[in-house]
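Let's take a friendly walk through this model together. Have the sequence and the 3D view open as you read.

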Amino acid sequence: MVTALGLGCDQNAAGFRAGRTAFRPVTLFDVSRQRTRHAAEVDLPAELPGGRLTRRKEARLDRAGRLLLLAAQEAWTQARWNPEGLIPMVLGTTSGGMGMGEAYYRQATREPSRHRRQPVRVVEYQAQRQGVEMAEALGIRGSLTIIANACASGANAIGHAWQWIRLGRSERVLCGGYDALSQLVFAGFDSLQALSPTCCRPFDARRDGLALGEGAAVLMLETEASAKRRGADVLAEICGYGASTDMHHLTQPHPQGDAAVASMTAACAQAGVGPEAIGYINAHGTGTPLNDSAEAAAIARWAGARAAGLPVSSTKASIGHLLGAAGAVEAGVCVMALRGQWLPPSTTHEQTDPACGFPVVARPQDARFDYALTNSFGFGGANASLVLRRWS
Amino acid sequence: MSEVWVQGVGAASPAGWGMGAFRQAIEEGKPLAVQELERPGWSRPLRVRRVPPAASRPAFLGHPRLRRASPITHHAVAAALEALGEDAERIKAGERRLGIILCVMSGCVNYSRRFYDETLRDPATASPLVFPETVFNAPASHLGALLGTTAVNYTLVGDPGSFLQGLVVAADWLSAGWVDGCVVIGAEELDWLTADAFRLFTRCMVVGEGAGALYLRAGDRPGQESAEVRLSAVSGAWLFTNRADRADAVRAAASEARAWAQDSGTLVCDGVQGVPWLDEPERESWRDWTGPRLSPRRVLGEGLMASAAWQCVAAADWLARGRHRRAVVQVSGINEHVMWAGFEQGSSGKV
């Protein structure tokens, strides 16, 4: 896992457990004329664990590809998978190598006759190239599926990989999500006045928008039989996935969260559990007025009486909205929380919106729970929910 | 798993809007006329094949969600509605749950370019109406809203080889009972930015635009109309990392596809388009094939994901009209995947 809290699961777990936030002024591109000038940037290391990539290919990697590669190398090392055979890969992203695309456009318009580095930018901009280069670095072969369902992409990727395993198509699937900060996307959210001019405060009565971040998370899914055969250290079980589409508006959720209720219900039905079994929800919780009120309404409708005692938080308060990576990183946070039996906080939370019929976890705390649910809702009405279970 | 049937096909292409124009152009097999597209900063225009203006404004553009939609949405919606046929009304009435899978490579490039251009000029005035339309899944979302379907909806991004993965995902959803039907669409729109990018690699390629769609249903002959074409096989994906790797992948896929094709009565819908370094491995692999062939890209141009969809649409349509009993489609992607798929008239198989 890579976020602005750090490189790797350990640094991220420590950051969430300490209730840290990771926002700072944007340095990657010019934000001097934007309303908002902060985001959660990742400090990339000088050296990449390039694996089998040549130095030349490694040097060409887009920022998004670097984030993905770092997360993938950590997951690969931890899982100790054998690269033999075919390993399907399912990844989620919203903008792939957008930074390269932006560089291409600037040169194509400012110096139309100058082609230096342009072919590399054309190739590395494309989302599939980050996946192909990750596969090359790890030395694996298999199909690559890239889901671009806006901010639900990462959760869709994990859910789709899980479904792939359940259907018996493969014993193991590498899955996850990644996205890097880019000028186009930053300006886009700013144009919608969706970015907070203060700080990201999910489910807070005074919330005024989201904060962008960047990062990646990769999960290695395999059947229980395969894990047992290998004597693998199982971190958690994915046991439910639900997906639905909100038709209300291209960028705004249905006020009562109809599609969110549908995705949570479907995920729990697949897991064979009801709201009473869920011990923690990692909400989509962007911090925008509309998203959080719709999600709060959906959780209240879905959980019923259970809502009053169901801890909910949004880790976007610490690391920002990672867009296509959000669902994967937040599923990874749930895995760490289930394994360590702690609840990650909405660190910036102060005054709960009265519309929330559930307790918002504002400070890091220990807990005992077996099931976590994570929500991801995106532009275009793409909704996805995952249910994860503590492995024991 | 359940058997998967192709219940309908649709197309928007440089030949025109709808299957009639598409069919006629593919039957004739003659490359369509090339248009010129201005490239800012250059005196020489780019050579492209555009979808011609519709004879009359499509009715679906009256939907509020489609007011600002860019051409890729128009192409995708037109092809999908044609493929769905009368079932579109059943879906709108809530009688059928429809899954939507949109496959793109270049995606919503018109508005992305426009929005980034506005951002560079002055981000304070960059349009909030344009930005949401830059997102890859905007066309699929618009189609879902038009049809009023709340079922699962994916947008897949990749090179054209990935279109066949969309068929596999659809088969999985149908098999799992998540949906009653699934429309798989490959769609693109032209922009000087895309055409300019490909010109860096080859002067032979004529970039095109449009969409192709297949409406899939599962079960025991679910369609009562002309749905007697079965999606019988989809290969695994050969992932490649460089040009030499790609040639090996194309040959391996072709070898498997030829084994499935069995005899020379099988129709081959290939991906040949007239760009030697892209075509050569596929051309070589099928050199001694004596059976019938169609090459939609040669006629319509390199429509990226739309081209992969057109290959499948042509295969299914030719079978549905009784021209052949089996068809094989090989899609040799540009920088990711090679895959193949097999279609048959009304016989059993598995995806």
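Which helix of chain B gives the most to the lining of the largest cavity? That helix is α9 (residues 276-285), with three residues in the lining. Please keep in mind throughout that this is a predicted model.

**The largest cavity**

The structure holds six cavities of 30 Å³ or more. In the largest cavity there is about 90 Å³ of space. If you would like to highlight the lining in your viewer, select B:Pro160, B:Arg246, B:Gly271, B:Gln273, B:Leu278, B:Asp279, B:Glu282, B:Arg297, B:Glu302, B:Ser332 and B:Ile334. By character, these lining residues divide into five charged, three polar and three nonpolar.

**The second largest pocket**

Now turn to chain A. The second largest pocket has a volume of about 1,000 Å³. Its lining is made up of 38 residues, and the closest to the pocket centre are A:Met220, A:Leu221, A:Val234, A:Leu235 and A:Ala236. Elements of chain A that give two or more residues to this lining are α1 (9-17), α3 (63-79), α7 (153-166), β8 (215-222), α9 (224-230), β9 (236-245) and α13 (326-340). Strand β8(A) gives the most to the lining of this pocket, with six residues. The lining of the second largest pocket divides into 25 nonpolar, ten charged and three polar residues.

Here are the two linings side by side.

| Space | Nonpolar | Polar | Charged |
|---|---|---|---|
| Largest cavity | three residues | three residues | five residues |
| Second largest pocket | 25 residues | three residues | ten residues |

**Chain B as a whole**

Chain B has eleven helices and 15 strands. Its radius of gyration is 19 Å, close to the 20 Å that the globule rule gives for 351 residues, so chain B is as compact as a globular protein of that length. Along the principal axes, the C-alpha atoms of chain B fill a box of roughly 60 × 50 × 35 Å. Of the 351 residues in chain B, 67% are buried. Among the contacts in chain B with a separation of 6 or more, 78% come from residues 24 or more positions apart.

**An enclosed helix**

One helix of chain B is worth a closer look. All of helix α5 (residues 138-147) of chain B is buried, ten of ten residues, so the helix is largely enclosed by the rest of the structure. The buried residues of α5(B) include B:Ala138, B:Pro139, B:His142 and B:Leu147. What covers them includes α2 (71-84), α3 (87-92), β5 (98-104), β6 (153-157) and β7 (181-188) of chain B. After α5(B) comes B:Gly148, with a positive phi near 65°.

**Positive phi outside glycine**

Most residues other than glycine have a negative phi. Two loop residues of chain B go the other way. B:Gln262 has a positive phi near 65°, and B:Leu304 has a positive phi of about 55°. B:Gln262 lies in the loop between α8 (243-261) and β12 (267-269) of chain B, while B:Leu304 is found in the loop between α10 (296-300) and α11 (305-320) of chain B.

Which of the two words, buried or exposed, fits B:Leu304? With 2% relative accessibility, B:Leu304 counts as buried. B:Gln262, in turn, is exposed, because its relative accessible area of 59% is over the 50% cut-off.

**Cysteines**

How many disulfides does a search of the whole structure find? The search finds zero over all chains. A:Cys9 is in no disulfide, and the nearest cysteine sulfur, that of A:Cys334, is 13 Å away. Why does A:Cys356 have no bond to A:Cys200? The sulfur of A:Cys200 is the closest cysteine sulfur to that of A:Cys356, but the separation of 13 Å is too far for a bond. A:Cys356 is buried, with a relative accessible area of 10%.

**A loop residue in chain A**

Finally, find A:Phe23, in the loop between α1 and β3 (24-25) of chain A. A:Phe23 counts as partly exposed, at 25% relative accessibility. In sequence A:Phe23 and A:Ala40 are 17 residues apart, and in space they are 4.4 Å apart, C-alpha to C-alpha. Leaving aside neighbours within four places in sequence, the contacts of A:Phe23 include A:Ala39, A:Ala40, A:Leu212, A:Lys316 and A:Ile319.

Technical notes:
Residues numbered from 1 in each chain as written. Chains lettered and ligands numbered in written order. Predicted model: local features only at pLDDT ≥ 70, side-chain atom pairs only at ≥ 80, totals over all residues. Heavy atoms only, no water. Helix = DSSP H or I, 4+ residues; strand = E, 2+ residues; numbered from the N terminus. Buried < 20%, exposed > 50% of the residue type's maximum accessible area, 1.4 Å probe, protein only. Disulfide = S-S within 2.5 Å. 1 Å grid on protein atoms, 1.4 Å probe; cavity = no way out; pocket = protein on both sides within 12 Å on 5 of 7 lines; lining within 4 Å. Points joined across faces, edges and corners; volume = space filled by probe spheres on them. Nonpolar A, V, L, I, M, F, W, Y, C, P; charged D, E, K, R; others polar. Rg over C-alpha atoms; globule rule 2.2 N^0.38 Å. Contact = heavy atoms within 4.5 Å.
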